Structure formats: structure tokens, C-alpha cells
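Subject: Structure handover

Hi,

Here is the structure we talked about. Please open it alongside this note, then read on for what I found.

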Amino acid sequence: MSDFQERLAATQAILERIADDFEPAVFASSLAAEDMVLTDLILRKKLNITIFSLETGRLHAETLGMLDKVKETYGTEIKLFKPDAAAVENYVSQHGLNAFYDSVEMRKECCRIRKVEPLKRALAGNKAWVTGQRRAQSATRTELAIQEDDATHGLQKFNPLADWSEDDVWHYLRSNNVPYNPLHDKGYPSIGCEPCTRAIQPGEDVRAGRWWWENPDSKECGLHVVDGKLIRIKQAV
């Protein structure tokens, strides 16, 4: 068995264990390449893992279009969680629509309102959550564990693709004819909100296009961060 087939089999086994042992469990999908791999693995096997996405109000049209592609391909609608409208309105009225360009603090506050708070609602009442994070994505994720004890949210966190490479992801997508965000073909390996994401240049880090105006070691939106540090509280055994 090739290394890729071994990683794929291990990932499938992890997802099956999550569905069997951690009900209810959810998968937080950004609708990007890695998350489409997990979407395909979950929905093809009809695993008991609910898929949701954070609709921040600032996503690319191409990203929103993936919601229809998932429904057309798998007959499943992804559940959406949106930010509190009053909180968004207050931020914009006080600081401006694009205040996130002004400072890291303003950017993180925007992420808190549009992503972190909706995530808390999405995770409430679940025993586990799944992400598409990979160690190779950035310098902030090199120590990523496949399973973690997320005491902040009070549940187990799984990163089934932690040891997958970029080539692994695209081999799976193309081999299985999985739909993917067309922005990936336009130089966007990592896709977030439209005003905070740009295409990258050859040789740049895959997350260089995320918050490109900031220092690389600050490039996390807060979904996996508490008090300025990545949530790596305890690797589960």
C-alpha cells in the first residue's frame, strides 16, 4: 500500500471513529480544498457527522457557490452559522467597514465577530469537532495533532488531514472528481473572506495570501486561538 493510501485509510478510520464514538460531532468546513476532501469522505460514507460553515458576510461569490455544488453533488445542504447582525453593525459604525486593515487588533476583532462567536454557537452541545487543518499549511500549524483535547470549547478536536501534503489533497480531489472552489485555480491555495485574501506568487507559503499585510506569525483568525496562542492545550491519546 502506498503512503498516500495508508494516510487515506487512517483518515477514513478516524472519521468513522468520530461518528461512532463522539455523537454528536460536527465538521467545520471553509469549503476550501482540504474541507472538500473531508466533505466527500463524510458524505460518501453517510457518516453521522454534521457539516457546517461560517457565512461571515464577506465571502467570495465562488465560495458561496460551493454550497450549491455540495447540494448538487451529494444532495446535502451545509448548515450555515452567521455573525450577530447587531455586532457587525456596531463594528462597522464605530470603525468602518474595512477597519481590519488598520491594525491586527481591529482585524482580530472583526474575525471574532464574524467567525469566533458563530463558531461557539456551532460547537455548542457537541462532543467533537473536525477541521481540515494540515501541518504543512503554515508555520503556526507545524505541531498540529490529529486529536486534541479542546478544553476551551469543552470537546474533542480532530484534524484528520494533519499529516496530508498539498499533493495528497489534490490527488484525492482529482481522483474522485470532487468539486472544489474555482479560486484554487486562480492562485488561491488558502481562502478566507474576500477582502482578507489574495492570490499568492510562485514560491510563497500557501497561507501567504491570508491577511497578507500582517506578520506571518499572527496569521490566525481566532478559531484555533485563545489569548493569542494556538489551541494546543493537550494532545489526546
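How many of the 5 residues of strand 2 (residues 50-54) are buried? The count is 4, so strand 2 is largely enclosed by the rest of the structure. Keep in mind that this is a predicted model.

**The sheet**

Strand 2 belongs to an open sheet of 6 strands. The order is 3-2-1-4-6-5, and the pairing is mixed. Two strands stand at the edges: strand 3 (79-81) and strand 5 (147-150). Each has a single partner strand, so one side of each is left without a neighbour in the sheet. On average, neighbouring strands are turned by 30° against each other, direction ignored.

Two of the pairings are worth a look. Strand 1 (residues 25-28) and strand 2 run parallel, joined by 3 bridges. Here F27 stands opposite I51 of strand 2. Strand 5 and strand 6 (residues 155-158) pair in the antiparallel sense, over 4 bridges. There, Q147 stands opposite F158 of strand 6. In general, strands of a sheet pair through backbone hydrogen bonds, in either sense.

**K79, on an edge strand**

K79 sits in strand 3, which is one of the edge strands. Is K79 buried or exposed? Neither label fits: K79 is partly exposed, because its relative accessible area is 48% and that class lies between the 20% and 50% cut-offs. Setting aside neighbours within four places in sequence, K79 is in contact with I51, F52 and S53. I51 is the residue of strand 2 that F27 stands opposite. K79 and A28 are 51 residues apart along the chain, yet their C-alpha atoms are separated by 9.8 Å.

**The helix pair**

Now to helix 2 (residues 33-44) and helix 3 (residues 61-74). Their axes come within 12 Å and cross at roughly 25°. Angles under 35 degrees count as roughly parallel, and helix 2 and helix 3 are therefore roughly parallel to each other. The crossing is right-handed.

Which residues make the contact?

- From helix 2: M36, T39, D40 and L43.
- From helix 3: M66, V70 and Y74.

By class, this contact has 5 nonpolar, 1 polar and 1 charged residues.

**To look at first**

I would start with K79 and its contacts to I51, F52 and S53. Then turn to the contact between helix 2 and helix 3.

Best wishes

Technical notes. Residues numbered from 1 in each chain as written. Predicted model: local features only at pLDDT ≥ 70, side-chain atom pairs only at ≥ 80, totals over all residues. Heavy atoms only, no water. Axes fitted to C-alpha atoms, helices over the stretch in contact; angles between N-to-C directions. Parallel < 35°, antiparallel > 145°, perpendicular 65-115°, else oblique. Left-handed = near helix turned anticlockwise from the far one by under 90°. Contact = heavy atoms within 4.5 Å. Nonpolar A, V, L, I, M, F, W, Y, C, P; charged D, E, K, R; others polar. Pairing = 2+ DSSP bridges. Buried < 20%, exposed > 50% of the residue type's maximum accessible area, 1.4 Å probe, protein only.
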